[in-house]
Amino acid sequence: MKQIVVISGKGGTGKTVVSGSFTVLAKNKIMVDCDVDAADLHLLLHPKIKERHEFISGQTAVIDKKLCKKCGKCVSVCRFGAIKDDFTIEHFSCEGCALCSYICPHGAIRMEENLAGEWFISDTRYGPFVHAKLGIAEENSGKLVAKIRQIAKEEAQKQGLDYVIIDGPPGIGCPVIASLSGVDCALIVTEPTLSGLHDAERVMEVARHFHIPVKLVVNKYDLNPVMTEKIEAFCRDRDVSVIGKIAFDKTVVEALVEGKTIVEYAACPAADEMKNIWEGLR
Ligand code: SF4
Ligand code: SF4
C-alpha cells in the first residue's frame, strides 16, 4: 500500500483539482482530505457519510456560578482576557491553560474537554473517503490530520487497498507536517508565479527534511512560460522531477462549478495531462 500526498505550499494552486482527478484515476484506493481547516474535496466527491465521530481536543475553563464568589482573581490571572466581567468564559478566547482553575480559592472553575470538530468515514462513487471538519476557531488541526490519516491507513489495510491518496493542507505548518509524515511520495502543485515558486520551495524543504520523495506539477503553466522555465530549472537543480504541466483550461472551472472532477467532466487537454501525471506518479 502506497501513500501519496498532494500539497502546494500555498492555497489556490489547483491542488484539489489534481487530487480530485486522482480519485477517479487511481484504482483500489481510499481518499483522505487533510485540509481540515478548509476542506473542499467533498464538493467534488459528494460523500455519503457512513460513520460520524467527534474530535475531542484541548480543554476549556467553565465557571460554576453557584460556587463563584466573584472575587475576580481568575480575571486578573488570565493572560488571554478570556474571563468576562460577569465571570463567564469567552469560549473562543480560552486557551485551556487551566491556570484559573488552580488559582480560584473556591474551586469554582473546572476544565472540560473541548469538542473541536468531527471526522467521517464516507462512501463516494469512487470509493471510501475519510474527511473531517474542524470547528470554527479551533486549534490542533495537526492532531486531527494525524487522526484521519491513521483511520484511512487502517481502512486501507483492512480492505486490502493499494493507495491512500491524501489531499494535503496548504502552507508548511503543523497540519502539513502531519500530512507528510510517513508518505511514500509528495506531489507539489504550484503555479507559475514568484510566490508559487517561493512556497513550493518552502514545502519542498519540509518534505526533504523528512526524507520524502518529491515530484512537482506546474498548473496553468502557459500563463507565465518564463516563470515556468524558472521553476523547471529550480527543480532540475534539486533533482526534483516535474511530472506534469497543466495548461490553463476554462473547462476545469466549468467542471468545478458542476461539482465534478475534470477527468470525469470532459475530454480536454487538462484531463489528458491529469492522466499523464497519474501514470507518471504511479
Ligand atoms: S476566582 Fe473563582 S470565585 Fe473568584 S471570580 Fe473567579 S471563579 Fe469566581
Ligand atoms: S484556562 Fe487559561 S485561558 Fe482559559 S480562562 Fe482560564 S486562565 Fe484564561
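This is a short walk through a predicted model, one selection at a time.

**Stop 1: the whole chain**

Start with everything shown as a cartoon. The chain has 282 residues, and 44% of them are buried. Colour by secondary structure and you can look for 11 helices and 9 strands. Turn the view around slowly: along its principal axes, the C-alpha trace spans about 70 × 40 × 35 Å. Contacts across the sequence matter here too: among the contacts with a separation of 6 or more, 75% join residues 24 or more positions apart.

**Stop 2: two domains**

Now select 2-46 together with 125-281 and give them one colour; this is domain 1. Give residues 58-115 another colour, and you have domain 2. How far apart are the centres of domain 1 and domain 2? Taken over C-alpha atoms, they are separated by 41 Å.

**Stop 3: the two ligands**

Show ligand 1 as sticks or spheres. Its shell has 13 residues, and the closest are Cys68, Cys71, Cys74, Cys104 and Ala108. If you colour this shell by class, you will find 8 nonpolar, 2 polar and 3 charged residues.

Next, move to ligand 2. Here 13 residues surround the ligand, with Cys78, Ala82, Cys94, Cys97 and Cys100 the closest. The classes in this shell are 11 nonpolar, 1 polar and 1 charged.

**Stop 4: two loop residues to check**

Pick Lys70, in the loop between β3 and α3 (73-77). Lys70 is not a glycine, yet its phi is positive, about 60°. Is Lys70 buried or exposed? It counts as exposed because it has 10 C-beta neighbours inside 10 Å.

Then click on Phe87, which sits in the loop between α3 and α4 (99-103). Phe87 also has a positive phi of about 60° without being a glycine. With 17 other C-beta atoms within 10 Å, Phe87 is partly exposed.

**Stop 5: the nonpolar cores**

Time to look inside. The largest nonpolar core has 70 residues, and those touching the most other members are Val32, Ile148, Ile166, Ala186, Ile188, Ile262 and Met274. Which helix gives the most to this core? Select residues 269-281: this is helix α11, which contributes 6 residues.

Zoom in on Met274. Beyond its neighbours within four places in sequence, Met274 is in contact with Val18, Ser21, Leu25, Ile262 and Val263. There is also a second, separate core of 11 residues, including Ala61, Cys74, Ile83 and Cys104. You have already met Cys74 and Cys104 among the closest residues to ligand 1.

**Stop 6: helix α1**

Two of the contacts of Met274, Val18 and Ser21, lead you to helix α1, so select residues 15-25. All 11 of the 11 residues in α1 are buried, so this helix is largely enclosed by the rest of the structure. Among the buried residues are Lys15, Thr16, Phe22 and Leu25.

**Stop 7: helix α5**

Select residues 141-159 to bring up helix α5, which has 19 residues. From its first C-alpha to its last it reaches 27 Å, close to the 27 Å expected at 1.5 Å a residue. Which residues of α5 are buried? They are Ser141, Leu144, Val145, Lys147, Ile148, Arg149, Ala152 and Ala156. To see what covers them, add nearby elements including β2 (29-33), β5 (127-134), β6 (163-167) and α6 (174-180). Just after α5 comes Gly160, with a positive phi near 65°.

**Stop 8: Leu180 and Ser8**

Stay with α6 and select Leu180, which belongs to this helix. Leu180 counts as buried because it has 24 C-beta neighbours inside 10 Å. Leaving out residues up to four places away in sequence, Leu180 touches Val5, Ala186, Val206, Ala207, Phe210 and Ile212. Try your distance tool from Leu180 to Glu118: they are 62 residues apart along the chain, and their C-alpha atoms are separated by 21 Å.

Finally, find Ser8 in the loop between β1 (2-7) and α1. With 29 C-beta neighbours inside 10 Å, Ser8 counts as buried. Apart from residues up to four places away in sequence, Ser8 touches Thr13, Lys15, Pro170, Ile188, Val189 and Thr190. For one last distance, go from Ser8 to Asp123: they are 115 residues apart in sequence and 26 Å apart in space, C-alpha to C-alpha.

Definitions and conventions
Residues are numbered from 1 along each chain as its sequence is written. Chains are lettered from A and ligands numbered from 1 in the order in which they are written. This is a predicted model: local features need pLDDT of at least 70, side-chain atom pairs count only at pLDDT 80 or more; totals for chains, interfaces and linings use all residues. A residue is near a molecule or strand if its C-beta atom, placed from the backbone, lies within 6 Å of it. Ala, Val, Leu, Ile, Met, Phe, Trp, Tyr, Cys and Pro count as nonpolar, Asp, Glu, Lys and Arg as charged, and the others, Gly among them, as polar. Domain bounds come from an automatic or database domain assignment. A nonpolar core is a set of buried Ala, Val, Leu, Ile, Met, Phe, Trp, Tyr and Cys residues joined through C-beta atoms within 7 Å. A residue is buried if 20 or more other C-beta atoms lie within 10 Å of its own, exposed if 12 or fewer, and partly exposed in between; C-beta atoms are placed from the backbone. Helices (H or I, at least four residues) and strands (E, at least two) are DSSP runs, numbered from the N terminus. Two residues are in contact if their C-beta atoms, placed from the backbone, lie within 7 Å. The expected span of a helix is 1.5 Å times one less than its number of residues.
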